[in-house]
Amino acid sequence: MIQFGAAETRLPCDREEVPYLSQINELDNEFGFELETLPVLPLRGLVAFPEMLIHFDVGRLISMKALERSMKENQRLFLTAQRDICTDSPTDEDLYTLGTVCTVKQILRLPGDNIRVLVEGSYRAGVEEFFMQEDCMMARVFLVETDPGRSSQKRKEALVRTLQDQFEEYASLSAHITHDVVMSVLDGGEPGYLSDYVAQNTPLAFEIKQDLLEQLHDVRRMEQVIRVLGNETEILRIETGIQEKLKEQVDKNQKEYYLREQLKVIHDELGEQDTEDEAEEYREKIRALKLDEEAEEKLLKEAGRLEKMQSMSAESGVVRAYLDTCLELPWNTVTKEQLHLKTARKILDRDHYGMEKVKDRIMEFLAVKSLAPQLKGQVLCLVGPPGIGKTSIARSIAEAMGRKYARMSLGGVRDEADIRGHRKTYIGAMPGRIMNALAQAGSKNALILMDEIDKMGMDSRGDPASALLEVLDIEQNNTFRDHYIELPFDLSDVLFITTANSLDTIPRPLLDRMEIIELTSYTEQEKAEIAMRHLLPKQLEKHGLKKSNLSLNREAIIYLIDAYTREAGVRRLEQQLATICRKAAKIIAEDQQSLGKKTRKRVVVNCSNMEKFLGTPRYKRDNVTKKDEIGVVNGLAWTSVGGEILQVEVNVVPGTGKLEITGNLGKVMQESAKAAVTCIRASAKELGIDAMFYKENDIHIHFPEAAIPKDGPSAGVTMTTAIASALSGVPVRHDVAMTGEVTLRGRVMPIGGLKEKTMAAYRAGIKVVIVPAENEPDLQDIDPVVREHVEFVTAETMKTVLDTALCFPQQDAAQAANQAILPNTVVPGAEVTTRRGELC
């Protein structure tokens, strides 16, 4: 059977059997009502109430038999609900024993085999027994009277009003109650009838309706109906709230869907991509990288955030930039290294002349790498004057090793964020230079050049040198975290090469993490080789010239180096060569345009016509005096561009014992001058000097080129020798230069920068160089050309220095020889002698 109308709300109901079956015999005797035998029509999900109209569809065979029997007899039926609506062939145990006797009012045949029946309830009836008769279920039923109760009329009226209010509220929330039903309830009536009417016209569960049917007390039945309606009203109120929220959400979703579809069409027209498709592409790229669990989870989470964002929102742009940056990093990309030593050495020699220390160190690294592939990256620091090729050799090293190359300049960097990046919370945040260099190189084992590491500064935004401590520590940098990336990145396979002009400004903790390789200035011969092999061909190609268009021999290049450059490297030399190439190109172009010749003219540049191309020479080779003078000594100084000759002049004039020191000297040099005077006073007798000279004379020590600041202790022996010469009147050899620190007792202390200083002496034509005895091991590093042309004298005391530098008269030669206290040691490979009273 099918109930027409809206679906009912099903609620569980614990029902107890009504106590009327024990009164069957008593009712017959008391009311004189005989039992009535009627066909039984089981109802599924329906309950019929007395005095109420109900219609339903009949389709089962047992129901058809009952309906046919009823129509043949008195058109009366006994309608009762079956306990389980899923049972198709119910028995007496499947049916309730209290139902309603009804009269058939109308039968309507429907398409198919179904019949729609309209019946009207007559009275409640109980079942004495069920039995089958001619395939039709029959029942002997009896009338069940209801009890109007003993409640007062006022209480009944209050219950009726309560029921009306409750039903009206229920009807306002339910869409299944028609207006006619509401008006009928508001018209009122007896509690029993009104309760049955509300129960019949309310979509309640059939178990609840059966309970109401079996409640024979009219007042209690109304109270039960009120409770049921209250419960249903609360449920409907909750359902209404849920439906409203759902409707709002559905409306919002529909609106978003509509707008998204419009936006998708707009994106398609503009050639842009939808965020969902874009997020899925990001996920595929992230999974393809095969990162560790932490990194993959983080990036997938960001891709999920992007999917939920509007494509044109500012935050989506931040997330998109973050994902793009992370995906560009070479998380697992490694290039195959070139471990063939001969090939690597050939590449290094092809691009750079000299620099043997750097080349040997790279060869050692490759050799160890070939034997122990698990060797991690190294940190090398190339220290030397500017222009000697520290930066350019890093690219050659990368090519020789088969690694990708990236360069990052640290000069002037003051912000820690330049190294470690900015946090994503800041507008315009970006990763640090380390991550950018790796992304640029595209390899996890790249060679990264940190140029000018000694030029970094610090301010309120942090110290970038401190941020580099982790980067350049091969024991820690395997989990380097950039503030922007926020994921650990392994830098242990990276080969870091740093460059610096001086180690003084590099913090000690950072310096300890690097392997220092000191590079010295080039000799004249090395510069000539570099110019012939590299600089001149480069400039010829740059200016559109061929080798046949310009003739510049080695002699002319050496003259150019001596007369127009004064540097440790070759940067100025390359600029001068570029000037010559430009002027040669001008001559050739003018000649072609004026004469109309197709062949190019050959320009010859030599020592005689060099001034036509470069102008007047800026430097003179002979920058030292050609004669021995009193109080004038050649000192040796170290600068960032190499070594230089630094002359010292001393004059002694009658006075009151003042010591004048001029030449823009630093505090250390001023103190060295005072120590030199005290040293001479202590040795005045041996030198034949008046012991009271410091009271009767004024001593003036002057360093020429006063505009240039000078400082350092290595001019101590030079000033001591000049003072001794000025006081004794003995001239100093003009072909002797010296360097070293002096103590009050006349001991000569070691100094630094010996290679650059000796190179300056060689360029100036010095024949003899006096160095501290403790610097004797450093003579092994002197350029072979310098060792071949310069004689070295090692000294432990000032007496040895004075013995070598001063030109004693012939009659004092024997005495001067006796004053020398210690002989000097001969250095292998260098001409080192002890001079005892050599006559000038």
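**Figure 1. Secondary structure and overall make-up of the predicted model.** The protein, shown here as a predicted model, contains 29 helices and 24 strands. The chain has 840 residues, of which 49% count as buried. Its accessible surface comes to about 41,900 Å², and carbon and sulfur atoms account for 49% of that area. Among contacts between residues at least 6 apart in sequence, 73% join residues at least 24 apart. The count of salt bridges comes to 43, and several of them are presented in the views that follow.

**Figure 2. The salt bridge between Asp-196 and Arg-124.** Asp-196 and Arg-124 form a salt bridge in which the closest N and O atoms are 3.0 Å apart. Asp-196 belongs to helix α5 (residues 191–200) and Arg-124 to strand β5 (residues 115–133), so the pair ties together parts that are 72 residues apart in sequence. Both Asp-196 and Arg-124 are buried.

**Figure 3. The salt bridge between Glu-302 and Lys-298, with its surrounding network.** The closest N and O atoms of the salt bridge between Glu-302 and Lys-298 are 3.7 Å apart. Both residues lie in helix α9 (residues 293–308), where they are 4 residues apart, about one turn of the helix. Glu-302 has a relative accessible area of 4% and is therefore buried. Lys-298, at 24% relative accessibility, counts as partly exposed. The two residues also belong to a network of salt bridges that links Lys-298, Glu-302, Arg-305, Glu-315, Lys-424 and Glu-486.

**Figure 4. The salt bridge between Asp-451 and Arg-407.** Asp-451 and Arg-407 form a salt bridge whose closest N and O atoms are 3.1 Å apart. This pair links distant parts of the chain, with Asp-451 in strand β9 (residues 447–451) and Arg-407 in strand β8 (residues 405–409), 44 residues apart. Asp-451 is buried, its relative accessible area being 4%, whereas Arg-407 is partly exposed, with a value of 41%.

**Figure 5. A positive surface patch that includes residues of helix α20.** Lys-542, Arg-582, Lys-583 and Lys-586 form a positive patch on the surface. Helix α20 (residues 571–595) contributes the largest share of this patch, 3 residues. Lys-583 is found in helix α20. The relative accessible area of Lys-583 is 36%, so this residue is partly exposed. Residues enter such a patch only with over 30% relative accessible area and no salt bridge.

**Figure 6. A negative surface patch that includes Glu-276.** The residues Glu-276, Asp-277, Glu-281 and Glu-284 form a negative patch on the surface. Glu-276 is placed in helix α8 (residues 275–289). With 44% relative accessibility, Glu-276 counts as partly exposed.

**Figure 7. The surroundings of Leu-636 in strand β16.** Leu-636 is located in strand β16 (residues 632–639). With a relative accessible area of 4%, Leu-636 is buried. Residues up to four places away in sequence being left out, Leu-636 touches Glu-644, Ile-645, Ser-714, Ala-737, Met-738, Thr-739, Lys-757, Ala-761 and Val-769. One of these contacts, Val-769, is 133 residues from Leu-636 in sequence, while the C-alpha atoms of the two residues are 9.2 Å apart in space.

**Figure 8. Gln-75, a residue with a positive phi.** Most residues other than glycine have a negative phi. Gln-75, a residue other than glycine, has a positive phi near 60°. Gln-75 is placed in the loop between α2 (61–72) and β3 (76–81). The relative accessible area of Gln-75 is 33%, so the residue is partly exposed.

**Figure 9. Asn-664, in the loop between β18 and α22.** The phi of Asn-664 is positive, at about 60°, although this residue is not a glycine. Asn-664 lies in the loop between β18 (659–662) and α22 (667–682). With a relative accessible area of 40%, Asn-664 is partly exposed.

Conventions:
Residues numbered from 1 in each chain as written. Predicted model: local features only at pLDDT ≥ 70, side-chain atom pairs only at ≥ 80, totals over all residues. Heavy atoms only, no water. Patch = residues over 30% accessible without salt bridge, like charges linked within 9 Å, V, L, I, M, F, W, Y side chains within 5 Å. Areas by Shrake-Rupley, 256 points an atom, 1.4 Å probe, with all protein chains shown as cover. Salt bridge = Lys/Arg side-chain N within 4 Å of Asp/Glu carboxyl O. Lys, Arg positive; Asp, Glu negative; His and termini not counted. Charge placed at Lys NZ, Arg CZ, Asp CG, Glu CD. Helix = DSSP H or I, 4+ residues; strand = E, 2+ residues; numbered from the N terminus. Buried < 20%, exposed > 50% of the residue type's maximum accessible area, 1.4 Å probe, protein only. Contact = heavy atoms within 4.5 Å.
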